[in-house]
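Please take the sequence and the three-dimensional structure below together, and keep both at hand while reading. The explanation is meant to be followed residue by residue.

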Amino acid sequence: MADAPSRAASLHPAAARPERPSGGTVTDAHPVAVVYGATRGIGRAVAWRLAESGHRVVAVGRPDARKPAAHAALAGTLDELERDLVAAFGERARPQLVRCDVLDSRASAAVVDDAEREWGRVDVVVVSAVFQGAGASQRVAQLELDELERYVRGNFTTCVAIAQRAVAAFARRGSGTFVQLVSGSSRTAPVRPVDKGGFMALAYVAPKAAVAKLVPLLAVELRDVAPHVRVFNVDPGLVITETMKQQGTARMFERWGTVDPDVTGRVVARLATAPRGDPLAQRLHGVEFVHAPQVFEEVWGTDAKL
Ligand SMILES: NC(=O)c1ccc[n+]([C@@H]2O[C@H](COP(=O)([O-])OP(=O)(O)OC[C@H]3O[C@@H](n4cnc5c(N)ncnc54)[C@H](OP(=O)(O)O)[C@@H]3O)[C@@H](O)[C@H]2O)c1
């Protein structure tokens, strides 16, 4: 299936590691953030803001061999992220690059364990990767069950698998922040069919609706076992993606008012760096839908719409 993120294969040779005296355990001085879907869009904005705020970023994207031709032509790669982060913030911001497909749930979850072994700590895990296939534009009647299963695996099962590993790593440290991207479209009523100008395909919204339950449930379960671990569901609002530009649907969406991906980048970095007892993080922890533009306007007092 995907490239297994074995340590030897997944590590970027140029990333500076903490020094390890023989036999000793060394923990990186920087907080470590694993960001899935860091090549472009919201995930890239999140990786950027976390690097800016001093995190060592483990940036996860798909292996090139797993990208369909249409996706391979989209702007945004792990190598570009690395180049741009180092140019902006210097060598200390060089990310570790990991290539892994969310269709492989176990390999995706193992990235968290590998990062913890490599750096001695994991402080933040953000899931912004999203599987998108033919089902994104198919009516229910056309949707093949194999395609539906890919959507469920990539956008639900894998999120659960990653959250399990993240929460276990955080519990070992006593704190940590898990964030996943949810979608407001999974809780609004459809107006027209997806192939007639509608924005809602069952294959996309159903796993998104299901995965939104993960964070409220985790919050309840963590109360007695790891009370300083925080979990957030963040809805970025309507963000124009490279895929929308490629498919020519960006202009239709722009009419509805869109949001810059950096709005979510800043909100996630704000939550990830919140000190213990921070009122905003406490209020949003475990909430089923946190609307990033609303939080942005509350914190920075500026209109989030483009
Ligand atoms: N854009 C919106 O308006 C909007 C609204 C609500 C919620 N969201 C949610 O926000 C999150 C980010 O969306 P976005 O708009 O930033 O999407 P995007 O621009 O399309 O980026 C998707 C990311 O996921 C990665 N990815 C795609 N398929 C993958 C696979 N099979 N395995 C591993 N990684 C894969 C892509 O990397 P590569 O293709 O380079 O591998 C890319 O980094 C998603 O969860 C989405 O559902 C977005």
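What follows goes through the sheet, the core, the surroundings of the ligand and two individual residues.

The model is a predicted one, and its sheet offers a convenient place to begin. Seven strands form an open sheet in the order β3-β2-β1-β4-β5-β6-β7, and their pairing is parallel. The edges are occupied by β3 (96–99) and β7 (290–291), each of which has a single partner strand, so that one side of each is left without a neighbour in the sheet. Helix α2 packs on this sheet, where it touches β1 (32–36), β2 (56–61), β4 and β5, and its direction makes an angle of about 170° with that of β1.

Within the sheet, β1 and β2 run parallel and are joined by five bridges. Two of the pairings can be followed on the structure: V32 has R56 as its bridge partner in β2, while the partner of V34 in that strand is V58. Strands β4 (residues 124–127) and β5 (residues 176–181) also pair in the parallel sense, over four bridges, and here V125 stands opposite F178 in β5.

How deeply are these strands set into the rest of the structure, or, put in terms that can be counted, how many residues of β1 are buried? Five of the five residues of β1 are buried, so this strand is largely enclosed by the rest of the structure. In a regular strand the side chains alternate between the two faces of the sheet. In β1, V32, V34 and Y36 point one way and A33 and V35 the other way, all of them buried. Strand β2 gives a matching account, since six of its six residues are buried, so that β2 too is largely enclosed by the rest of the structure. Both of its faces are covered, with R56, V58 and V60 buried on one side and V57, A59 and G61 buried on the other.

These two strands lead on to the nonpolar core. The largest such core has 85 residues, and those with the most contacts inside it are V35 and V60. The largest share of this core, ten residues, comes from helix α6 (residues 145–173). When neighbours within four places in sequence are left aside, V60 is in contact with V34, V35, Y36, A38, V98, C100, V111 and A129.

The ligand is surrounded by 28 residues, of which the closest are G37, T39, G41, R62 and L181. By class, this shell has ten nonpolar, twelve polar and six charged residues. Helices α2 (41–52) and α9 (242–247) each supply at least two residues of the shell, and the largest share, three residues, comes from α2.

Two further residues are worth locating. R173 is found in helix α6, and it is classed as partly exposed because 16 other C-beta atoms lie within 10 Å, whereas 20 or more would be needed for a buried residue. The C-alpha atoms of R173 and D123 are separated by 8.4 Å, although these residues are 50 residues apart along the chain. H285, in turn, lies in the loop between α12 (279–284) and β7, and it counts as buried because it has 21 C-beta neighbours inside 10 Å. Apart from neighbours within four places in sequence, H285 is in contact with A219, R230, V231 and F232. Between the C-alpha atoms of H285 and L181, which are 104 residues apart along the chain, the separation is 14 Å.

Key. Residues numbered from 1 in each chain as written. Predicted model: local features only at pLDDT ≥ 70, side-chain atom pairs only at ≥ 80, totals over all residues. Near = placed C-beta within 6 Å. Nonpolar A, V, L, I, M, F, W, Y, C, P; charged D, E, K, R; others polar. Core = buried A, V, L, I, M, F, W, Y, C linked by C-beta atoms within 7 Å. Buried ≥ 20, exposed ≤ 12 C-beta atoms within 10 Å, placed from the backbone. Contact = placed C-beta atoms within 7 Å. Pairing = 2+ DSSP bridges. Axes fitted to C-alpha atoms, helices over the stretch in contact; angles between N-to-C directions.
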